[in-house]
Amino acid sequence: MTRPMLKFLPFLLILVLAPLLLPPGRLGSYYLTLMILSLSYSVAALGLTVLLGYSGQISLAQAAFFGIGAYTFSLLTVSLHAGFWISVLAALVLTTGFGLLLGAISLRLDSHYLALVTIGFQIITGLVLNNWTAVTGGANGVANIPRPNIFGFQIDSDLGFYWFSVATLVLAAYLVYRLRHSRMGWALLALREDEIAAAANGISLFWTKILAFAASAFLAAMGGVLFASGALYISPNVFDFYQSVSFFAMTLVGGQESIVGTTLGAWLITFLPEVLRFLHAYYIAVYGLMVVIVVLFMPEGLYGMLLRGVDLFRRRVLGHREALDTDAVPLRADATQTRPVASNTPLLEIRDLAKHFGGIKAVDGISLTVNKGDVAVLIGPNGSGKTTVLNVLSGIYSATRGSIRFKGREITNLASNRINRLGISRTFQNIRLFPEMTALENVAVGCYKTGTVGLAGTLLSRPKGYREEAAAMEKARATLQLLGFVRPDMKAKNLPYGQQRVVEIARAIVSDPALLLLDEPAAGMNHEETQVLSQILYRIHSLGVTMLLIEHDMSFVASVATQAYVMDFGNKISEGSVSQVLTDPAVMTAYLGDEVEYA
């Protein structure tokens, strides 16, 4: 099967399997109604695939969005006699607006605090639906909800509406699929894996989190409209907290990152109670136990377990092995390179920079200049403030005082994503990859800031969007090849330490930054790996990238650096060429000792 066909496999599976899961022509109206119900639940649960599975945001308010969409559509069509499709559009827009609002409210929250806020929103929505009787009808609900008219054909029968529901699910699945495999999808996954690393690669946490909530609300509204039109009647008890928990369970049981898995979970949660009815009063306990078992022992969900089994079969029975990138340019520890030469043009200028944490002066007024073409190194004892300097430069910390100018522009205390977009990339002392993404996807995230196609263009499949995504993947692959990396399709968490470091560096340079900040890139590497790393830095420098790195390995520093700065207790105590600082008595006293060997 070709790569494009593999990409569309989840979409094709839904298209083929949804009608076959329950042959409607041979079953009674009750089971046909349940199938329609499960399809509406599937669409709504796909919203949690985006919010929970892709971005890692916990929400227990999906039933609230489901209800807002259903009630908006129903009240417009029944009470105001608005057209079907106008009412659908209004329901989608209004519900998405509530999603944007909840996303904005929840920006600084995570984990259980975020869950509590969404529970509060769910409770408030339920109270409004129950008590605003003049509008919603209260406990009496809304009846006589119409079904769609498509090109003059009125869909009145349950069978006809079943196929309409299948088409709606396919559309929703396609939208989620397009989102997942776009630069927007990469941003969502990066947000889920590591917010600090995501921001350092140009991703706006503000807009990405809001996008996740908006997309989740939009899909919930689609499901709500489908539910209301299919049932012909709605009441507030359908959209309570229990239903939100059910949506959450559907997503987890099936597989929170999978379109097919979420659809499978919705089908199981809908039909399992019917299958267990023979257990009488005990079926609820058995049903709950099965859900708990899946959540605790199958974190990837049922579909994830199925895929893992298929992969295990391919590797052990069929002897499948991961393909290596044979176009990668080899790197040798004994290779020789021309040493970098810096210019006299200032690129980064730091003046009187300080960062205090209460009474602790981690950095206390350092000044330095990095010229274009430099491979500058910042050295000093542990705790001297080196990493704090990089964190302030990259926007992770705010400066207490001082000035940072890049290319002549003041960038002091700008947000991380804005600093990255200006042309400053970085790596971290403790490698911060996105572990559940492949090496290739990790590096492609670094191309996020170069994209121009927004959400609408992504979902509507504008050709420019496809071209940008393809170009980003090709650029990512070429960058890995340049650095000699041969396993682009392996998940980052499964890579050896040294290769993880290479992937992080590749992610940092894929967008062609003017300045690369490297925080102890040789940490944890053996001698041969360190020599290979020096060749990597030579290759990066040949691309016109200026570098500022923190490092403790003096042999490595001497092999690559053109300029050195030494810190101690938050202050700069020496600067000059590597040979100059290594023979400075103040440096030897503070950090290096009395005898220094360097290459």
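A pocket, on a 1 Å grid over the protein atoms alone, is an open set of points with protein on both sides within 12 Å along at least five of seven lines, and its lining residues have an atom within 4 Å of a point. A volume is the space filled by probe spheres set on the points. This is a predicted model, where local features need pLDDT of at least 70 and side-chain atom pairs count only at pLDDT 80 or more, while totals for chains, interfaces and linings use all residues. Residues are numbered from 1 along each chain as its sequence is written, and side-chain values use heavy atoms, leaving out hydrogens and water.

**Exercise 1.** Describe the second largest pocket and its lining.

*Solution.* Start with the volume, which is about 540 Å³. Next, look at the lining: of its 18 residues, Arg108, Glu195, Ala199, Leu205 and Phe206 are the closest to the centre. Then turn to the elements (DSSP runs, with helices of H or I and at least four residues, strands of E and at least two). Helix H10 (195-200), helix H11 (205-231) and helix H17 (416-422) each give two or more residues to this lining. Finally, sort by class: nine residues are nonpolar, four polar and five charged.

**Exercise 2.** Trace the salt bridge between arginine 147 and aspartate 158.

*Solution.* Recall the cut-off: a side-chain nitrogen of Lys or Arg lies within 4 Å of a carboxyl oxygen of Asp or Glu. Here the N to O distance is 3.0 Å. Arginine 147 sits in the loop between strand S1 (142-143) and strand S2 (149-150), and aspartate 158 in helix H8 (residues 158-180), so the pair ties together parts eleven residues apart in sequence. For accessibility, buried means under 20% relative accessible area, exposed over 50%, and partly exposed in between (1.4 Å probe, protein chains only). Arginine 147, at 9%, is therefore buried, whereas aspartate 158 is partly exposed at 26%.

**Exercise 3.** Which parts of the chain does the salt bridge between aspartate 512 and lysine 475 link?

*Solution.* First, check the contact: the closest N and O atoms are 3.0 Å apart. Then place the partners: aspartate 512 is in the loop between helix H21 (497-509) and strand S11 (515-519), and lysine 475 is in helix H20 (residues 463-482), 37 residues away. Last, compare their surroundings: aspartate 512 is exposed at 55%, while lysine 475 is partly exposed at 29%.

Terms used. On a 1 Å grid over the protein atoms alone, a cavity is a set of points where a 1.4 Å probe fits but cannot get out, and a pocket is an open set with protein on both sides within 12 Å along at least five of seven lines; lining residues have an atom within 4 Å of a point. Ala, Val, Leu, Ile, Met, Phe, Trp, Tyr, Cys and Pro count as nonpolar, Asp, Glu, Lys and Arg as charged, and the others, Gly among them, as polar.
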